[in-house]
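Have your viewer ready, with a selection box and a distance tool to hand. We will go from stop to stop, and at each one you will hear what to select and what is there.

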Amino acid sequence: MRTLLAFVTALLMTPAEAAPCQARTGPHTTALVELYTSEGCDSCPPADRWLHGLAGRGLAPDRVVPLSLHVNYWDYIGWKDPYAQQRFADRQRKLAQVMRARIVYTPQVLLQGQDFRGWGSRAFDEAVAAINTRPPRAGISLALEGGRRDTLAVEVRAELLRPGEEADAALYLASYENRLVSRVVAGENRGRTLSHDYVVFEWLGPIAFTGGRIEERRVLPLPPNAVPANSGVAAFVQDRRTAEVLQALMLPACPG
């Protein structure tokens, strides 16, 4: 049986050292970016484009894990967002309670679990750079099995790296898809063609730690019209009491 030191060392291997269908967090903290958005919101498309452009600005997945969470509370004004889920609206409201915020809104960007209204400015890049300098408080490893068209089979391991954080820490696991396109025929965005990336479909968590560690295998279903090559999995560890994100990791689906 491997020692705890060997287990933690494996978790902290850089992505370049991992096999093609695996990813592991490195020696710094990766920032989690959550965009709460809706196709029924006419101010959301610029934020969707901004999220898509993060990698092109040098914010690669080893620095930032972006997730697009579509909420359903704008569906009533004429257009039902095909990607919206009630649980994402519930999560947004729960995090607002943690932050003692009076309202939820779209588009809203959360950075490391905290509201960040300057997402379209240089302040965002500076905040991410500061997060990336921090040593990790958790290690995460992901492995995907290829060859499936309707599911993503994922093995996830996570380890808390500081004592005393197990009671509040939890692991979350999400599957996402890129290159989605919608032609909106009603509501505030009527007549527009909208593009989306990192759209979350399946969401698991909170998953509690036992002995400061989690090792699980999960099978996440893909939507009926999903393109497996455009899909992937993200995992992050979050403090449920403060909403602070301890570490995050993203793994695109394996080629072939």
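Start by selecting strand β10, residues 193–196 (strands, E, at least two residues, and helices, H or I, at least four, are DSSP runs numbered from the N terminus): L194 and H196 form its covered face, while T193 and S195 form the uncovered one. Before moving on, please note that this is a predicted model, where local features need pLDDT of at least 70 and side-chain atom pairs count only at pLDDT 80 or more, while totals for chains, interfaces and linings use all residues. Residues are numbered from 1 along each chain as its sequence is written, and side-chain values use heavy atoms, with hydrogens and water left out.

Now add strand β9, residues 180–183, to the selection. β9 and β10 pair in the antiparallel sense over four bridges (two strands pair if DSSP finds at least two bridges between them). To see one of these bridges, pick L180, whose partner in β10 is H196.

**The whole chain**

Zoom out and colour by secondary structure: the protein has four helices and 14 strands. The C-alpha trace spans about 60 × 45 × 30 Å along its principal axes. How does the radius of gyration agree with that of a compact globule? For 256 residues such a globule would have a value near 18 Å, and the protein has 18 Å, which agrees (the radius is taken over C-alpha atoms, and the globule rule is 2.2 Å times the number of residues to the power 0.38).

Next, colour by accessibility. Buried residues make up 53% of the 256 residues (buried means under 20% relative accessible area, exposed over 50%, partly exposed in between, with a 1.4 Å probe and protein chains only). Among contacts with a separation of 6 or more, residues 24 or more positions apart account for 71% (contact means heavy atoms within 4.5 Å).

**A four-strand sheet**

Select β1, β6, β7 and β12. They make an open sheet in the order β1-β6-β7-β12, with antiparallel pairing. β1 (22–24) and β12 (213–221) stand at the edges with a single partner strand each, so one side of each has no neighbour in the sheet. From one strand to the next, the twist averages 15° (axes are lines fitted to C-alpha atoms, for helices over the stretch in contact, and angles run from 0 to 180 degrees between N-to-C directions).

Walk across the sheet pair by pair:

- β1 and β6 pair over three bridges; pick R24 and find its bridge partner S141 in β6.
- β6 and β7 pair over eight bridges; here E145 has A153 in β7 as its bridge partner.
- β7 and β12 pair over nine bridges; A153 stands opposite V219 in β12.

While β6 is selected, check its accessibility: seven of its eight residues are buried.

Stay with β7 and select L152. Is L152 buried or exposed? At 4% relative accessibility, L152 counts as buried. Leaving aside residues up to four places away in sequence, L152 touches several others, including L144, V219, V233 and A253. For a long view, draw a C-alpha to C-alpha distance from L152 to A96: 31 Å in space, with their positions 56 residues apart in sequence.

**A buried glutamate**

Jump to E34, in strand β2 (residues 31–37). E34 counts as buried, at 0% relative accessibility. Its side chain makes a polar contact of 2.9 Å with the side chain of R91 (a pair of N or O atoms within 3.5 Å; within protein, one must be able to donate a hydrogen and the other to accept it, and residues adjacent in sequence count only if both atoms are side-chain atoms). Among the other residues that E34 touches are L67, L95, Q108 and G113.

**Charged pairs**

Side chains of opposite charge can pair when their charged atoms come close. The count comes to 13 salt bridges (a side-chain nitrogen of Lys or Arg within 4 Å of a carboxyl oxygen of Asp or Glu).

Select R137 and E165, whose closest N and O atoms are 2.3 Å apart. R137 lies in the loop between α4 (122–132) and β6 (138–145), and E165 in the loop between β7 (151–160) and β8 (169–177), so the pair ties together parts 28 residues apart in sequence. Both R137 and E165 are buried. Add E244 to the selection: salt bridges that share partners join R137, E165 and E244 into one network.

For the last stop, select K80 and D75, a salt bridge with its closest N and O atoms 3.7 Å apart. K80 is exposed at 64%, whereas D75 is buried at 17%.
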